[in-house]
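User: Please take a close look at one strand of this model and the parts around it. I would like a connected account rather than a list.

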Amino acid sequence: MIKRFKDSREKQIDPEKELPGRRDEIKKITKMLETAGQSLIVNLFGSAGVGKTTLAKAVCSKWQGKYVAFDLREAKDMRAVYSNLMSSLGLTVPIGYIDQNYIITKIHEEIQRSKKRVLFLLDNVEQFTVGQGKEGKNLKTAFVQFLESLSRFKGEDEETSLRLLLTSRTQLQDAKKVDNFEVKSLERSFSEEILASKGMVNVSSQQKNELISISKGIPLLLKGLAAILRQERKTADDLIAGVEKRKRTTPKKSKLEEDAKEKPFNFEDEGLDEVQ
């Protein structure tokens, strides 16, 4: 209950301050979701740290209706998806075997009663989209079938509708009603803007260029590097030297590049306990 209350009170994101370089993406995604008869499900995909969740929440903050967001990072099966959706609408989750058609019917009925435009944000759903191995393929099939059935909702009036927004590291292929939208790294000018606004102190032009090159346009890395500099945990030269050392010890790919693609960068190694 407390979590749902906090989510409902989540402050709106100012794209100009928190998401430099993402204004066009916010407009495009919002238009995709709001245009009648167009995208019922949009999957924002891209590497870790590129800003998928932040971008998705910015879209939700502009949604003209009710939106519910929940993180499925720790979800292992479809029951977790059912439970999150049902609970977000204040519905009771059945004990024991759960019939998918029952869940869909109850959700559709609740949306119809609300007479609102509803947007569900399913954050971090890559375990349902990869489809590796027999178990993974079965999970992906069940997930896609559930999304497509859920999106068949037909409101009794134009003001009642349902849309779904996903974030994942991979595209959701073989799904007829899903439009994949790639979230790419930031352009150089916006990378520089983040570094400058988040704490780039006593950094020469050459050091700045190297830090921007290190970050590869990934907002999480940019904010983390800037936070380290702002808190004076490391100097710019120390950060650059640390990355160069990792490159020398990892012949095929730099550790930083691996982290950016597979998991959030571990800033603790660079002396930062938490990146806000």
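Analyst: What follows starts from strand 4 and moves out to its sheet, to a pocket and then to the salt bridges.

The model is a predicted one. Strand 4 covers residues 161–168, and eight of its eight residues are buried. The side chains divide between two directions: S161, R163, L165 and T167 point one way, while L162, L164, L166 and S168 point the other way. Both sets are buried. Because buried means under 20% relative accessible area, each of these eight residues falls below that cut-off.

The setting of the strand is an open sheet of five strands, ordered 2-3-4-1-5 and paired in the parallel sense. In that order strand 4 sits between strand 3 and strand 1. The edges belong to strand 2 (66–71) and strand 5 (178–182); each has a single partner strand, so one side of each is left without a neighbour in the sheet. Direction ignored, neighbouring strands of the sheet are turned by 20° against each other on average.

On one side, strand 4 pairs with strand 3, residues 117–123. The two run parallel and are joined by six bridges. One contact in detail: L119 has R163 as its bridge partner in strand 4. R163 belongs to the set that points the way of S161, L165 and T167.

With strand 1, residues 41–45, the pairing is also parallel, and five bridges are found. Here I41 stands opposite L164, and F45 has S168 as its bridge partner. L164 and S168 both belong to the set that points the other way from R163.

Strand 4 also contributes to the second largest pocket, which holds about 390 Å³ of space. The pocket is lined by 19 residues, and those closest to its centre are A36, G37, T160, S161 and R163. S161 and R163 are thus shared with the strand: they point one way from strand 4 and are buried. Three lining residues come from strand 4, the largest share. Helix 3 (23–34) is another element that supplies at least two residues of the lining. By class, the lining has eight charged, six nonpolar and five polar residues.

Charged side chains also appear in the salt bridges, of which the model has four. Side chains of opposite charge can pair when their charged atoms come close. One of the four joins R22 and E25, with 3.5 Å from N to O. R22 counts as buried because its relative accessible area is 3%, and the limit for buried is under 20%.

Another salt bridge joins R73 and D71, again with 3.5 Å from N to O. D71 lies in strand 2, one of the edge strands (66–71). Here both partners are partly exposed, R73 with a relative accessible area of 42% and D71 with 39%.

E192 and K208 form a further salt bridge, at 2.8 Å from N to O. This pair links distant parts of the chain: E192 is in helix 9 (residues 188–198) and K208 in helix 10 (residues 205–215), 16 residues apart. At 27% relative accessibility E192 counts as partly exposed, whereas K208, at 16%, counts as buried. The two partners fall into separate classes because the cut-off for buried is under 20%.

Note on methods
Residues numbered from 1 in each chain as written. Predicted model: local features only at pLDDT ≥ 70, side-chain atom pairs only at ≥ 80, totals over all residues. Heavy atoms only, no water. Buried < 20%, exposed > 50% of the residue type's maximum accessible area, 1.4 Å probe, protein only. Helix = DSSP H or I, 4+ residues; strand = E, 2+ residues; numbered from the N terminus. 1 Å grid on protein atoms, 1.4 Å probe; cavity = no way out; pocket = protein on both sides within 12 Å on 5 of 7 lines; lining within 4 Å. Points joined across faces, edges and corners; volume = space filled by probe spheres on them. Nonpolar A, V, L, I, M, F, W, Y, C, P; charged D, E, K, R; others polar. Pairing = 2+ DSSP bridges. Axes fitted to C-alpha atoms, helices over the stretch in contact; angles between N-to-C directions.
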